[in-house]
Amino acid sequence: MKILLSIKSEYANKIISGEKKYEFRKALPKQRVDSIVLYITSPQCKVIGEVQVKGTIVDSVARIWDITKKDAGISHKKYLQYFKNKKAAKAFVLGEVTLYSEEKILNEFGINSAPQSFVYLKQEKA
């Protein structure tokens, strides 16, 4: 299953460079995700590519930081702010990035506006 995530440019660039190998979320999709389509938020507002999902991790906020801090691509302060008042942290474990030869817009994926969290994408027919 593919999902489309809205991601700030700063973090998308770190995913592309390999500096950020985890994408933190307060909630994960119920369905297993194989690939994340990267939508860069304002001012770019473009879909730039996809990143493979190698798995997910769920644990306490402190434990997830211990596991991911070397490749988190985010400061500890921002991490703690994001998970403030949460007992558990969740993250996608990211793999290989594939950039599109040309940036795309959301309506090419049948989406009219950027999702707050994520949106499932329809499976392409083989």
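**Notebook: strands, a helix and a pocket**

I began with V53, which stands opposite L94 in β5. This is a predicted model, where local features need pLDDT of at least 70, side-chain atom pairs count only at pLDDT 80 or more, and totals for chains, interfaces and linings use all residues. Residues are numbered from 1 along each chain as its sequence is written, and side-chain values use heavy atoms, with hydrogens and water left out.

Next I looked up the pairing of β4 and β5, which is antiparallel over 11 bridges. Strands here are DSSP runs of E, at least two residues, and helices are runs of H or I, at least four, numbered from the N terminus; two strands pair if DSSP finds at least two bridges between them. β2 and β5 also pair in the antiparallel sense, over 4 bridges, and I found V93 in β5 as the bridge partner of Y22.

Then I turned to helix α1, residues 9-17, and noted its buried residues (under 20% relative accessible area, 1.4 Å probe, protein chains only): Y11, A12 and I15. They lie on the same side of α1 because they cover an arc of only 105° around the axis, taken from the directions from the helix axis to the C-beta atoms. The buried residues of α1 pack (heavy atoms within 4.5 Å) against several elements, including β1 (2-7), β2 (22-25) and α3 (76-82). Just after α1, I saw that G18 takes a positive phi of about 90°.

Key: Buried < 20%, exposed > 50% of the residue type's maximum accessible area, 1.4 Å probe, protein only.
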